[in-house]
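Reader: Please give me a close reading of one part of this model, the backbone and its surroundings, and follow it for as far as the calculations allow. I would like each value kept beside the residue it belongs to.

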Amino acid sequence: MTDPIKFWGIVPAAGVGKRMQANRPKQYLGLAGKTVIEQTLSRLLQANVFEAIVVAVSEQDPYWPDLAISQHANIITAPGGKERADSVLSALKTIRDKASDSDWVLVHDAARPCITTTDIQYLIDSLVNDDVGGILALSSPDTLKRVQGNCITETLDRSHIWRALTPQMFRYGMLKIALEETEGNPSITDEASALELKGLQPKIVEGRPDNIKITRPEDLPLAQFYMEQQ
Ligand code: C5P
């Protein structure tokens, strides 16, 4: 008998978040009574779909071991890497003895604390029978321009442009190979781009607009507002 397909959560959390201009990495800033990463992980645990959630943190990170959630039975800590893709690959390698190539992994930014169970379940339901997998994405409400310097050279056709969010859902084996083959390539800024480079075509699944990534100081009160509304 073959093992049932499992779902793994992967949370890259080894970034420093320079654009926040804060005294600590953005995942450790306060949000609604906890840190950003605790809010994100609580949401992922609440979804109740993951075999375990692997969190990739910097080896010099003094904050993670102090959080009670780092000892949670369903959370595994992995060493982070130089770039986001390196952190994700390191997390995948950490579960190599537990995960099968056909298991699904959902990679979710530590800095997206407003993720909902509805979106996670919708992504899974939409892609579970897909050959490649895909990502939550959003269309742009604004007209989009191609620019050189500060001059507009072109207006883009919005119907073909989507913003990539997370989670991004791919098969364990396929994602690991894609990230290994593209290691060190600076154009790999999300998991989908690693698969695209192999000639595959990940799907988009329309996500909720409140699944924002904490990037700038003003994003924290906005995230708190969304969390209260949800
Ligand atoms: O900086 P940015 O917001 O694009 O980072 C997205 C996610 O990737 C964050 O959760 C961040 O902690 C993570 N990351 C990582 N390892 C790096 C750089 C970023 O895990 N070397």
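**From an unusual backbone angle to the ligand**

Author: Q21 is found in the loop that runs between strand 1 (7–12) and strand 2 (30–31). The model is a predicted one, and what follows should be read with that in mind. Although Q21 is not a glycine, its phi is positive, at about 50°. Most residues other than glycine have a negative phi. Q21 counts as exposed because its relative accessibility is 70%, above the 50% cut-off for that class.

The same kind of angle turns up at N48, which is not a glycine either and has a positive phi of about 60°. Its place is in the loop between helix 1 (36–47) and strand 4 (53–57). With a relative accessibility of 68%, N48 is therefore classed as exposed, again over the 50% limit.

A further backbone feature concerns a peptide bond, the one leading from T166 to P167, which is cis with an omega near 5°. Most peptide bonds are trans. P167 lies within strand 10, which covers residues 162–171.

T166 also leads to a side-chain contact, since its side chain and that of H108 form a polar contact at 2.7 Å. H108 belongs to the loop between strand 6 (104–107) and helix 3 (117–127). A polar atom of the H108 side chain additionally lies 2.8 Å from the backbone oxygen of R112. The relative accessible area of H108 is 1%, so this residue is buried, the cut-off being under 20%.

D109 sits in the loop between strand 6 and helix 3 as well. Its relative accessibility is 9%, and D109 therefore counts as buried too. The side chain of D109 makes a polar contact of 2.7 Å with the side chain of R84.

Another buried position is L138, whose relative accessible area is 8%, and which is found in strand 7 (residues 133–139). Computed along the chain, L138 and R19 are 119 residues apart, and their C-alpha atoms are separated by 22 Å.

The last part of the picture is the ligand. The space that the ligand takes up is the largest pocket. There are 14 residues around the ligand, and those that come nearest are P12, A14, K26, K82 and S87. Sorted by class, this shell holds five nonpolar, three polar and six charged residues.

Particular atom pairs can be named at this site. A polar side-chain atom of K26 is found 2.7 Å from an oxygen atom of the ligand, and a polar backbone atom of G15 is 3.0 Å from a ligand oxygen atom. At S87, a polar side-chain atom lies 2.7 Å from a nitrogen atom of the ligand. The ligand has 470 Å² of accessible area on its own, and the protein covers 85% of it.

To draw the reading together, Q21 and N48 are exposed loop residues with a positive phi, as given for Q21 and for N48. H108 and D109, in contrast, are buried, and each has a side-chain partner, T166 for H108 and R84 for D109.

Notes. Residues are numbered from 1 along each chain as its sequence is written. This is a predicted model: local features need pLDDT of at least 70, side-chain atom pairs count only at pLDDT 80 or more; totals for chains, interfaces and linings use all residues. Side-chain values use heavy atoms; hydrogens and water are left out. A residue is near a molecule or strand if one of its heavy atoms lies within 4 Å of it. A polar contact is a pair of N or O atoms within 3.5 Å; within protein, one must be able to donate a hydrogen and the other to accept it, and residues adjacent in sequence count only if both atoms are side-chain atoms. Accessible areas come from the Shrake-Rupley method with a 1.4 Å probe; for residues, only the protein chains shown count as cover. On a 1 Å grid over the protein atoms alone, a cavity is a set of points where a 1.4 Å probe fits but cannot get out, and a pocket is an open set with protein on both sides within 12 Å along at least five of seven lines; lining residues have an atom within 4 Å of a point. A molecule sits in a cavity or pocket if more than half of its atoms lie within 2 Å of its grid points. Ala, Val, Leu, Ile, Met, Phe, Trp, Tyr, Cys and Pro count as nonpolar, Asp, Glu, Lys and Arg as charged, and the others, Gly among them, as polar. Helices (H or I, at least four residues) and strands (E, at least two) are DSSP runs, numbered from the N terminus. Buried means under 20% relative accessible area, exposed over 50%, partly exposed in between (1.4 Å probe, protein chains only).
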